[in-house]
Amino acid sequence: MLTGQYFEALENFTRTFRPKPDDRMVFLADRNLDPLVIAAISGLARANGVRPVVYMADTTQVLAVPEEVKPLLERASFVVSTWFCSIIDPFCIALRKKGQRWVKITYFRNLDLLKTPQARFPIDIVGEIIRGTAARYPKGQDFDLHFADPRGTDLTIRFTAGMRDNQLKSNRWRGRMTPEEPGSYVHFMPTHGPNLYDRTSVNDDEELIVPVNGVVYPEWAVGFERPFEERVGVVFRDDRITEVLGDTKLAGILRDMLVGGRLIELGCGFNPKAPRRGIYPAGSNSPGALHYGIDLIKPCDYIRRVMPEWEEPPVHMDLVAFDSTVHAGNTPLITDGFLESLRDESVVEMAKRYGDPVDLLEAWPD
């Protein structure tokens, strides 16, 4: 690898993890995280006059912040975390609403990842791609967010104008890729999401039934060795999975796993240099690749058997599709797996500052 390319990645790294001089920093880590990642992030903090407190859990599969950790987190202003509960625990959500800033590192498990194309892809371009996608959501009106693909997927999420505004007000949907503003939440590597739909659209109201209806025929799912050879349908009715269509062994596994589950996020990739077919640990981050994040009603033994050390707990599953077409009202967000905002004039012009825009935006790695 060229030295210059490595320092391009380090620029993204330092902009994401550099604390403010008066920060109180907490690092929620796990025993399987490469200790060099902890050393690198902690070293950057100390170089800026901040001494992080590192709390080590046995696993990333933490479903809720333990009581003994809550006082530690309450005193923090800046948090780096590998824990699954980071985004969904009401305790964490409340801390961000008070201004606490978070970086989630699902995709940054070892320092070798800094040598990859996705690590050095300019985060400012990623932010512009995200803003271009957000601009396609109809404003000031209700609309359908509709998903289709060649296998027969036909899923509709009914959005109100208020849901649209709730979802797109986040720092991530505004293309803010670094955790500088109060209450920010970002991912590193850049970028996992933001989600085309998630529960922030209804202010994280767990009781509210969102009109999610239709059928999804996933192309693949995390925890399965290869893409699905048979056509298996996952049926959604009023915010819940009610049925899995098919009579194969695969359909049986998915039926036992998914029925009764709820779609909590429908994520999209936005980094043109993320591996297109790399679905582990939570779906591809390549532009236009989708992951349907399902919360299950019970822990799944299949997940426990095939992924005992998975970064996410056995009460969650990500279904994956690479070839979807998505419309927000009459406006296309994705066409046959291609993210439409990649050809926005503002995105292309920004990419020209860094190199050949076609190579940067449309030459996707396998």
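## Arg 304 and its partner in helix 9

Arg 304 has a relative accessible area of 44%, so this residue counts as partly exposed. The value comes from a predicted model. Asp 301 also counts as partly exposed, because its relative accessibility is 44%. Partly exposed is the class between buried, under 20%, and exposed, over 50%.

The side chains of these two residues form a salt bridge, with 3.0 Å from N to O. Both belong to helix 9, which covers residues 301-306. They are 3 residues apart along the chain, or about one turn of the helix.

## A pair in helix 10

Side chains of opposite charge can pair when their charged atoms come close. In helix 10 (residues 345-352), Glu 349 and Lys 352 are 3 residues apart, so about one helical turn separates them. Glu 349 and Lys 352 form a salt bridge, and their closest N and O atoms are 3.0 Å apart.

Is each partner buried or partly exposed? Glu 349 is partly exposed because its relative accessibility is 41%. Lys 352 has a relative accessible area of 46%, so it is partly exposed as well.

## A buried pair between distant parts of the chain

Arg 109 and Asp 30 are joined by a salt bridge in which the closest N and O atoms lie 2.8 Å apart. This pair links distant parts of the chain, with the two positions 79 residues apart in numbering. Arg 109 sits in the loop between strand 4 (101-104) and helix 5 (117-120), while Asp 30 is in strand 1 (residues 25-30). Both Arg 109 and Asp 30 are buried.

## Salt bridges in the whole structure

How many salt bridges does a search of the whole structure find? The search finds 26. Salt bridges also link residues into a network, made up of Asp 149, Arg 151, Glu 219, Arg 277 and Asp 323.

## The largest pocket

The largest pocket has a volume of about 1300 Å³. Its lining consists of 43 residues. Nearest the centre of this pocket lie Ile 87, Ile 93, Arg 96, Thr 200 and Asp 204.

Several helices and strands contribute to the lining. Helix 4 (90-97) and helix 7 (161-168) each supply at least two residues. Strand 7 (185-187), strand 8 (192-198) and strand 13 (262-269) each supply at least two as well. By type, the lining of the largest pocket has 17 charged, 13 polar and 13 nonpolar residues.

Terms used
Residues are numbered from 1 along each chain as its sequence is written. This is a predicted model: local features need pLDDT of at least 70, side-chain atom pairs count only at pLDDT 80 or more; totals for chains, interfaces and linings use all residues. Side-chain values use heavy atoms; hydrogens and water are left out. On a 1 Å grid over the protein atoms alone, a cavity is a set of points where a 1.4 Å probe fits but cannot get out, and a pocket is an open set with protein on both sides within 12 Å along at least five of seven lines; lining residues have an atom within 4 Å of a point. Grid points are joined across faces, edges and corners, and a volume is the space filled by probe spheres set on the points. Helices (H or I, at least four residues) and strands (E, at least two) are DSSP runs, numbered from the N terminus. Ala, Val, Leu, Ile, Met, Phe, Trp, Tyr, Cys and Pro count as nonpolar, Asp, Glu, Lys and Arg as charged, and the others, Gly among them, as polar. A salt bridge is a side-chain nitrogen of Lys or Arg within 4 Å of a carboxyl oxygen of Asp or Glu. Buried means under 20% relative accessible area, exposed over 50%, partly exposed in between (1.4 Å probe, protein chains only).
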